[in-house]
Amino acid sequence: MIFRQLFDPQSSTYTYLLADPATREALLIDPVFEQARRDAALVDELGLKLAWTLETHVHADHVTGAWLLREKLGSRICVSKAGGAEGADRYLSPGEKVDFGKKSLAIRATPGHTAGCLTYVLDDQSMAFTGDALLIRGCGRTDFQGGDARTLFASVRGQIFSLPEGCTLYPAHDYRGLTATSVGEEKLYNPRLAESIGEGDFVGYMTHLGLPHPKQMDAAVPANLKCGKPEKTSSADPAWAPLTYTFAGIWEVQPHWLEEHLREVQVLDVREPEEFNGPLGHVPGARLVPLGTLKDSLAGMSKAKPVVVVCRSGARSAQATVMLGKAGFEKVANLSGGMLRWRSQRFAVEGGTD
Ligand SMILES: N[C@@H](CCC(=O)N[C@@H](CS)C(=O)NCC(=O)O)C(=O)O
Ligand SMILES: [Fe+2]
């Protein structure tokens, strides 16, 4: 079988590509909206035909790439019948199978992190994709979207630990750099769900996790309930840089690209002067135009040279890209993550403190 584990660093999400080498039929488990172009390019380069996208659950921390991949590659969207999402091509129930070529995934219901969580088990039971039901030495939280600790305990023990000990488990996320585990390993070493731990201790632990809600939750859940269909769709991909189109409708460029192409673009910093000259410093050669004064400064700016807009975290600059687009600027992108990410990746700055 052709198998690739793909990663989205923004949400620490794993996307899995599986394909039958004989028929070239493929599927993607848990694609991420912002990575859909990457995933489509890989599918093309490997000479595969994307038959399906599958969700392990309605995600709270990122938007699915399912809708975008259907538009691009004609794949069909599978979601859990119990998850409540609309706009899919197939609604999966436990006991069913999703075929790709001569291979298939069996559907198991593993609710508890959310009410509609599914685990996908490869036909020979050598691999299973557990979503957020079971993470590596952990598990998904149980405090929203119909989550319930008792239900999760029963799902993991009944539906995942019943697989062969050697079955490799692939989660939807890992926040520490681990990539996979096995049934045998988790039965022994999972600090929440190992076989030596009782249900009462698990429920008590999960009830007091006290985690903040995922940052993208308010936008991600409604979007995923529509399989990731955006309000407005993007025009053709711009060619001047390898841009990413966010679900919010903003074209973004990554810091490493900007660093290598600084002289080919105009860098526009839309923060306030005290921030521009403050501890974070600014991108070398950046021009300061605070967001509030942007409208009055547009006349002096070239529309021929691409504009990359920067602020502290990328929120104000995203607004600025919309204003520039409305004013007729065609080559505009937001610096992904703003000065905070630029600094955390140690690119050169003017001014600022170490
Ligand atoms: N900081 C992350 C939090 C992500 C989060 O809460 N992830 C969920 C899965 S959707 C979870 O169950 N995390 C388990 C944990 O952090 O222990 C964000 O804002 O996106
Ligand atoms: Fe989740």
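A polar contact is a pair of N or O atoms within 3.5 Å. In the predicted model described here, an oxygen atom of ligand 1 satisfies this criterion with Arg141, standing 2.8 Å from an N or O atom of the arginine side chain. A nitrogen atom of ligand 1 is placed 3.0 Å from an N or O atom in the side chain of Tyr175. The backbone also takes part, an N or O atom of the main chain of Lys215 lying 2.8 Å from an oxygen atom of ligand 1. Considered alone, ligand 1 exposes 500 Å², and 79% of that area is buried by the protein.

The residues around ligand 1 comprise Asp61, His113, Asp132, Cys139, Gly140, Arg141, His173, Tyr175, Arg192, Leu211, Pro214 and Lys215. Sorted by class, this shell contains five charged, four nonpolar and three polar residues. His113 and Asp132, both listed in the shell, also belong to the coordination sphere of the iron ion (ligand 2).

The iron ion (ligand 2) is coordinated by NE2 of His57, NE2 of His113 and OD of Asp132, at 2.0 to 2.3 Å. Four donor atoms surround the iron ion (ligand 2), and the angles that they subtend run from 90 to 161 degrees, so the arrangement is irregular. A tetrahedral assignment would require all angles to lie between 85 and 135 degrees, and the upper value of 161 degrees falls outside that interval. Along the chain, the donors of the iron ion (ligand 2) follow the spacing H-x55-H-x18-D. His57 is located in the loop between strand E4 (49-54) and helix H2 (66-73), and His113 in the loop between strand E8 (103-109) and strand E9 (118-122); the pair therefore ties together parts that are 56 residues apart in sequence.

Both histidine ligands of the metal, His57 and His113, are buried. For His113 the relative accessibility is 6%, which lies under the 20% limit for a buried residue. The side chain of His113 is joined to that of Asp132 by a polar contact of 3.2 Å, and a further polar contact, of 3.3 Å, links the side chains of His113 and His57. His113 thus has side-chain contacts with His57 and Asp132, each of which also coordinates the iron ion (ligand 2).

A further histidine, His62, occupies the loop between E4 and H2, the loop in which His57 is also found. His62 has a relative accessibility of 4% and therefore counts as buried. Its side chain makes a polar contact of 2.9 Å with the side chain of Asp61, a residue of the shell around ligand 1. A polar contact of 3.2 Å also connects the side chains of His62 and Thr13.

Outside these sites, positive phi values occur at two non-glycine positions described here. Gln145 has a phi of about 55 degrees and is situated in the loop between strand E10 (127-131) and helix H3 (149-160). With a relative accessibility of 23%, Gln145 counts as partly exposed. Cys227 shows a positive phi near 60 degrees and is placed in the loop between helix H6 (217-224) and strand E13 (244-245). Cys227 is buried, its relative accessible area being 2%.

Several other positions relate separation in sequence to separation in space. Gly101, in the loop between strand E7 (97-100) and E8, is partly exposed at 26% relative accessibility. Gly101 and Ala26 are 75 residues apart in sequence, with a C-alpha to C-alpha distance of 7.9 Å. Arg90 belongs to strand E6 (residues 90-92) and, at 22% relative accessibility, is partly exposed. Between Arg90 and Ser80, 10 residues apart in sequence, the C-alpha to C-alpha distance is 8.5 Å. His261 lies in the loop between helix H7 (255-260) and strand E15 (266-269) and is buried, with a relative accessible area of 18%. His261 and Gln159 are 102 residues apart in sequence and 51 Å apart in space, C-alpha to C-alpha.

Definitions and conventions. Residues are numbered from 1 along each chain as its sequence is written. Chains are lettered from A and ligands numbered from 1 in the order in which they are written. This is a predicted model: local features need pLDDT of at least 70, side-chain atom pairs count only at pLDDT 80 or more; totals for chains, interfaces and linings use all residues. Side-chain values use heavy atoms; hydrogens and water are left out. Donors are N, O and S atoms within 2.8 Å of the metal (3.2 Å for Na, K and Ca); water is not among the atoms, so sites may look incomplete. Four donors count as tetrahedral if all angles lie between 85 and 135 degrees; four count as square planar and six as octahedral if opposite donors are over 155 degrees apart and all others between 65 and 115; anything else is irregular. Helices (H or I, at least four residues) and strands (E, at least two) are DSSP runs, numbered from the N terminus. Buried means under 20% relative accessible area, exposed over 50%, partly exposed in between (1.4 Å probe, protein chains only). A residue is near a molecule or strand if one of its heavy atoms lies within 4 Å of it. A polar contact is a pair of N or O atoms within 3.5 Å; within protein, one must be able to donate a hydrogen and the other to accept it, and residues adjacent in sequence count only if both atoms are side-chain atoms. Accessible areas come from the Shrake-Rupley method with a 1.4 Å probe; for residues, only the protein chains shown count as cover. Ala, Val, Leu, Ile, Met, Phe, Trp, Tyr, Cys and Pro count as nonpolar, Asp, Glu, Lys and Arg as charged, and the others, Gly among them, as polar.
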